[in-house]
Amino acid sequence: MNRLSPRDLGLLAGAGSALLLAAALAFQAAGYAPCELCILQRWPHLVAALLGLAAWFTGGARAVLWLGALAALTAMGLAGWHAGIEYGWWPGPAACSGGMNLGAISTSDLLAQIEANTQVIRCDQPALSILGLSMAGMNALASAVLAAIWIAAARR
């Protein structure tokens with residue numbers, strides 16, 4: 001059996017991140033609005049997808065592969081943090097986890113916000129759960145697998 005080269009592994013890991021981005025956009029198109037943390041998790045995957053292309057064009061340059069691993073580990077960390085917020089293990093950002101201090105806002109400001117009909121997508125409530133895993137939890141696991149591929153590529 002032929003072993004994949006570092007160049008091929010980098011491209012594979014980058015394609016995995018591109019696939020996760022496509023899946024996130026498909027869920028969004030299907031009506032699952034992303035919260036702030038969901039959107040934040042997409043950026044490292046975009047970087048990893050671009051680094052996958054860079055790995056291909058540079059022949060699997062070790063620095064590119066390690067940067068890909070860093071991007072995947074960042075995505076994993078953000079997704080794990082978000083999943084922990086959803087599972088109630090720790091508090092999330094007040095802006096999207098229901099932590100608004102109503103005592104610190106005037107009645108007129110509160111009414112203005114309500115009238116503006118600004119809908120906040122909650123970061124602490126999973127939009128979808130499959131087999132007990134939220135989308136953030138699934139992203140954390142997938143990102144861990146991609147990080148392992150990037151690391152394997154960089155170590156070859």
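How many helices and how many strands are there in the chain? Colour the model by secondary structure and count. You should find five helices and two strands. Keep in mind that this is a predicted model.

**Stop 1: the whole chain**

Trace the chain from its start. The elements come in the order α-α-α-α-β-β-α. Helix α1 covers residues 6–29, α2 covers 36–57, and α3 covers 62–86. Next, α4 spans 107–115. Strand β1 takes up 129–130, and β2 takes up 133–134. Helix α5, residues 135–155, comes at the end of the pattern.

Now switch on the surface. The accessible surface of the chain is about 9100 Å². Carbon and sulfur atoms account for 68% of that area. Of the 156 residues in the chain, 32% are buried. Contacts often link distant parts of the sequence: among those between residues at least 6 apart, 80% join residues at least 24 apart.

**Stop 2: Ser17**

Select Ser17, in helix α1. Is Ser17 buried or exposed? Ser17 is buried, with a relative accessible area of 0%. Show what surrounds this residue. Beyond residues up to four places away in sequence, Ser17 touches His45, Ala48, Ala49 and Leu146. His45, Ala48 and Ala49 fall within the 36–57 range of α2, while Leu146 falls within the 135–155 range of α5.

**Stop 3: the cysteine pair**

Move to Cys35, in the loop between α1 and α2. Cys35 is buried, at 2% relative accessibility. Then add Cys38, which is partly exposed, at 26%.

Why is there no disulfide between Cys35 and Cys38? Draw a distance between the two sulfur atoms. The sulfur of Cys38 is the closest cysteine sulfur to that of Cys35, and the gap is 3.5 Å. A disulfide needs the two sulfurs within 2.5 Å. The pair is therefore too far apart for a bond. Looking from Cys38 gives the matching result: its closest cysteine sulfur is in Cys35, at 3.5 Å. The structure as a whole holds zero disulfides.

Stay on Cys35 and show its contacts. Leaving out neighbours within four places in sequence, Cys35 meets His82, Ile121, Arg122 and Cys123. Pick Arg122 from that list. Cys35 and Arg122 are 87 residues apart in sequence, yet their C-alpha atoms are 6.1 Å apart.

**Stop 4: Asp124**

Step along to Asp124, in the loop between α4 and β1. Asp124 is partly exposed, with a relative accessible area of 21%. Which residues does Asp124 contact, leaving aside neighbours within four places in sequence? Look for Ile85, Glu86, Cys96 and Ser97. Gly84 is worth selecting too. Its C-alpha atom is 8.7 Å from that of Asp124, though 40 residues separate the two along the chain.

**Stop 5: Trp81**

Select Trp81, in helix α3. This tryptophan is partly exposed, at 35% relative accessibility. Not counting residues up to four places away, Trp81 touches Leu37, Trp90 and Pro93. Now find Ala136. Trp81 and Ala136 are 55 residues apart along the chain, and 8.6 Å lies between their C-alpha atoms.

**Stop 6: the largest pocket**

Keep Ala136 selected and add Ala24, Cys38, Met135 and Asn139. These five lie nearest the centre of the largest pocket. In total, 27 residues line this pocket. Its volume is about 520 Å³.

Which helices each supply at least two residues of the lining? They are α1, α2, α3 and α5. Colour the lining by residue class. There are 18 nonpolar, six polar and three charged residues.

**Stop 7: Leu131**

Go to the loop between β1 and β2, where Leu131 sits. Leu131 is exposed, at 86% relative accessibility. Check its backbone angles as well. Phi is near 55 degrees, a positive value in a residue other than glycine.

**Stop 8: Ala148**

Finish in helix α5, at Ala148. Ala148 is partly exposed, with a relative accessible area of 45%. Add Leu73 and draw a line from C-alpha to C-alpha. The line spans 9.0 Å, and the two residues are 75 apart in sequence.

How values were computed: Residues are numbered from 1 along each chain as its sequence is written. This is a predicted model: local features need pLDDT of at least 70, side-chain atom pairs count only at pLDDT 80 or more; totals for chains, interfaces and linings use all residues. Side-chain values use heavy atoms; hydrogens and water are left out. Buried means under 20% relative accessible area, exposed over 50%, partly exposed in between (1.4 Å probe, protein chains only). Helices (H or I, at least four residues) and strands (E, at least two) are DSSP runs, numbered from the N terminus. On a 1 Å grid over the protein atoms alone, a cavity is a set of points where a 1.4 Å probe fits but cannot get out, and a pocket is an open set with protein on both sides within 12 Å along at least five of seven lines; lining residues have an atom within 4 Å of a point. Grid points are joined across faces, edges and corners, and a volume is the space filled by probe spheres set on the points. Ala, Val, Leu, Ile, Met, Phe, Trp, Tyr, Cys and Pro count as nonpolar, Asp, Glu, Lys and Arg as charged, and the others, Gly among them, as polar. Contact means heavy atoms within 4.5 Å. Accessible areas come from the Shrake-Rupley method with a 1.4 Å probe; for residues, only the protein chains shown count as cover.
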